[in-house]
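Got your viewer open? Here is a walk through the two chains, one selection at a time.

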Amino acid sequence: MCDQTFMAATFGPCDSCSKASPLMNIYIKSEAINYCSFCVEMMACQGLQKGETLASLKKESENLKKKLEEERGKLNDVERNQVAEKVEAVAALSLKTRRVLKGHGNKVLCMDWCKDKRRLVSSSQDGKVIVWDAFTLNKEHGITLPCTWVMACAYAPSGCAVACGGLDNKCSVVPLSLDRTENLAAKKKSVAMHTNYVSGCSFTNSDMQLLTSSGDGTCALWDVESGQLLQSFHGHTADVLSLDLAPSETGNTFVSGGCDMKANVWDMRSGQNIQSFESHESDINCVKYYPSGDAFASASDDATCRFYDLRADREVAVYQKDSIIFGASSVDFSLSGRLLFSGHNDYTINIWDVLKGTRVSILFGHENRISRVRVSPDGTALCSASWDNSLRIWA
Amino acid sequence: MTIRTARPNRGQRFRPRTHCLKKLDAIVVEMQDPKNGVKGSEQKLNVTTIPHAITGANITAWICNKMKTSTEEAQVFGTMLVAYGYIYPLQNHRKLVMCNDSSLYRFQTPYFWPSQQWVPEDSDYAIYLAKRNIRKKGMLEPYEQVDYNHLHEWLNHKWDFIVMQATEQYKAGRDRNKADRVVFDCQERAFWIVNRPPRRTHSALDVGPERLINPNVEEKITFDQYRRVNIFYQQAIMRSKVKSSVSLGALVKYITSYKNHDAFLAPCLPSNPWETDHDAYWTLNMRRVDVPTKMRVERWSFSLFELLTDLRGRDDFKIFLKKEFSGENLAFWEAAEELKWGTASSMSAKAESIFKTFLAPGAPRWINIDGRTMGLTVKGLEHPHRYVLEAAQTHVFMLMKKDTFFRYLKSPTYKEIQKKALSPEAHNFSPAQLEENARNRSAGIHPIILWQQEEEEKAKAAAASAPVDVKAVMSKIDRKK
């Protein structure tokens, strides 16, 4: 759990305008102050002061970046592989396909597990969203959306609704019902409105709030009941492709990855970007938190997955191999965090040993690129969704 | 900060997600190296002799050797090379897979590689189809005929130009010698199979909707963007960080604690439902079991977060707190969570009830927090916001985490549940039983029903533990008198 965000003051009177609102913790000339997001914007957009030019600001930026790297380096007293030497190796894995879910008529773009560990929702290119009981292979609900390329779908924590969005620039919430014959699309409710495609969505700890990421470069937190925008997150300079919420007791942060090759960590309360990691060489397709919430992994088009330690604020592992050339589109951790599953564009799923950095196993079976891999909530199975129109459950 | 709106039109010059193509180019060049590349030879195909044909087996072996991978992986990589159009099959030209046998392949000419900047346009495709039609009518495949008719309609305004180009190319082709012509025809055909695949087949070049950012263009950064970035860097530098040894040590500790709970690393007791088709594991670990399993009880001891997230564990914790008469901390924490994650419209009502129950002087379930936090919270409640209780909630949580949680783990309540907890025997199904299980997979309870049950229980519990309104009881007694 990230102690920093836990203890910081995030609500109260702003030091600049005195209004009570969520606060951003920033530093002006090494002095800590708490400003509301509006005052921070005002400060940033102030006209150029005497002696300031675009070039001087750029130089200051580069110096600060170097200083940050120095600070990070100071605490780098041991490397991950040194720590990993003392840990015993992972036993050989033999994962088999246990279920193949066929039913989508087109590329499956996204899937999400329900908290009951057996149901899942999947969305595809032709606008269909299907809720499956993966254990019995029953298709429980089918919802047809009027848009194509439904790139994001999520199951609500209560199991009573699903959210989906894509090229329609919206994210909608559809309440599920016990009546199999009911037309669910009629009760669909548009919650999120972006100015470009929605690439990822996730419910927070309850059904009442939805977090979305979009191609317009922003992430946003919405109130489901009213459709109100609660908080928006600006900082990416390109499409945001993925987001994940921290599994910590506070549940106050989330990480997002985008086409600007950056993975940013945000404080949900104030909208502040608190940490940023820029070490990938191409678009980041997916980000996922480590089960303890103290680290996260990212998958990118540069065919590597990287592991970042949030408390030490640096990258600690790069998972790559000469024979892996095609981009990774999705990652997920096993329950203990020892294994990392990555789905690639060469139709395979690689399994990595998180601590030792080596590849433990490779899974074949899909006939087109993998769009999403997700471990079930109790860690008993892995589900992979692919552009070959099917989903596979591995255990 | 830039919010992008309209989809940019970069014509056909932009090729997204081509990071892998540069590496593929390098590998294919190496494969064609006369000394260390794949061994090829002349092959006879129909009547003509094809130079530099290679077998699938040789390609797979070379990849195996070069990348030090298994045969299966090498075959997958070979298939990707064929799917992207770097290598094309000579015999079954429509099936873009690498077969690890004596089927023949050839390297595609670099002119047709996907890493080239030009994108095959519809008019190019129309010229190609028209040329084949001129050469011999009726030679087009059904799907190509459909495409041809469609293009004829769609590009009707350019059709004279297209036919003229096609005729020119046909004539130029006739001037070449037969071997060259056959080779070029094969290459061109392979190129169009990759770039215009028949219906219902997958194309490796299909990358989905275009991303808005153009990596070929340097973005112009304005002064306010630099300011924002500087603000970010300043706070990032001042952020307290932890030594690597400490944080990596914590990660290793986490992995070690949870190792036996990870179904991929240790066997699931009684059995993994996905492996044996028997859902006993899920039934034993349901929300409201009387007796939890030993593994579940062990997990509660890992952290307060685990204990509270597992609602069965939270129930047990509540039993302990009731015995200690300190249930108000957890009740406040739960109420604050509901405020944080609730709907925007319910906030002021919730904030008011929380104030009355937990924070007001003389409140029935008054929580003991320090004066400064209390002052801040009460002031904030004048204009309630969903994060108004953050400071108080943090304080209460830390109290529970650092003190109450450890007392719980040492308490008779926990020790008792540890003793009572079940340790299920591992299943040992015979193949016949496994088949039986597969036929009778149980449907379980629908999450909506479970949710409704949960809400009912919550309402019952809230009514039972609501603070007694002394005035109401007194007035009842008075009325009775």
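Is A:R119 buried or exposed? Select A:R119 and you'll find that this arginine is buried, with a relative accessible area of 2%. Keep in mind throughout that you're looking at a predicted model.

**Stop 1: the charges around A:R119**

Add A:E140 to the selection. The two side chains meet in a salt bridge, 2.9 Å from N to O. They come from distant parts of the chain: A:R119 is in strand β6 (residues 119-124) of chain A, A:E140 is in strand β8 (residues 138-144) of chain A, and their positions lie 21 residues apart in the numbering. A:E140 counts as buried too because its relative accessible area, 10%, is under the 20% cut-off. Now bring in A:D116, A:R118 and A:D133: together with A:R119 and A:E140, these are linked in a network of salt bridges. If you'd like to hunt for others, the whole structure has 44 salt bridges over all chains.

**Stop 2: across the chains**

Next, pick B:E73 and A:R359. Their closest N and O atoms are 2.6 Å apart, in a salt bridge. B:E73 lies in helix α3 (residues 71-84) of chain B and A:R359 in strand β28 (residues 359-363) of chain A, so this pair joins two chains. Both B:E73 and A:R359 are buried.

**Stop 3: annotated stretches of chain A**

Colour residues 51-81 of chain A. An unreviewed UniProt entry annotates this span as "coiled-coil region". In the model the span is 74% helix and 0% strand, with its end C-alpha atoms 48 Å apart.

The UniProt annotation "repeat: WD", also from an unreviewed entry, covers several spans of chain A, including 191-232 and 330-362. Residues 191-232 of chain A are 0% helix and 60% strand, with end C-alpha atoms 14 Å apart. For residues 330-362 of chain A, the figures are 0% helix, 58% strand and 15 Å between the end C-alpha atoms.

**Stop 4: A:L245**

Zoom in on A:L245, in strand β17 (residues 240-245) of chain A. This leucine is buried, at 16% relative accessible area. What does A:L245 contact beyond its neighbours within four places in sequence? Among its partners are A:F203, A:L211, A:F254, A:M268 and A:Y289. A:L211 is 34 residues away along the chain, yet the C-alpha atoms of A:L245 and A:L211 are separated by 8.7 Å.

**Stop 5: the largest nonpolar core**

In soluble globular proteins, nonpolar side chains tend to be buried together. Here the largest nonpolar core has 49 residues, and A:F254, B:F317, B:F332 and B:L359 have the most contacts inside it. Helix α15 (residues 328-341) of chain B gives the most to this core, with eight residues. Centre on B:L359 and, leaving out residues up to four places away in sequence, you'll see it touching B:F332, B:I354, B:W366 and B:M374, among others.

**Stop 6: out to the surface**

Finish with A:L178, B:I445 and B:I449, which form a nonpolar patch on the surface with about 220 Å² of accessible area together. B:I445 sits in the loop between α20 (431-439) and α21 (447-465) of chain B, and counts as partly exposed at 40% relative accessibility.

Follow helix α21 of chain B to B:E455 and B:K458, three residues apart, about one turn of the helix. They form a salt bridge, with the closest N and O atoms 3.6 Å apart. B:E455 is partly exposed at 34% relative accessibility, and B:K458 is partly exposed at 44%.

Key:
Residues numbered from 1 in each chain as written. Chains lettered and ligands numbered in written order. Predicted model: local features only at pLDDT ≥ 70, side-chain atom pairs only at ≥ 80, totals over all residues. Heavy atoms only, no water. Patch = residues over 30% accessible without salt bridge, like charges linked within 9 Å, V, L, I, M, F, W, Y side chains within 5 Å. Areas by Shrake-Rupley, 256 points an atom, 1.4 Å probe, with all protein chains shown as cover. Salt bridge = Lys/Arg side-chain N within 4 Å of Asp/Glu carboxyl O. Helix = DSSP H or I, 4+ residues; strand = E, 2+ residues; numbered from the N terminus. Buried < 20%, exposed > 50% of the residue type's maximum accessible area, 1.4 Å probe, protein only. Core = buried A, V, L, I, M, F, W, Y, C linked by side-chain atoms within 4.5 Å. Contact = heavy atoms within 4.5 Å. UniProt positions renumbered as here; feature names shortened; annotations may be inferred.
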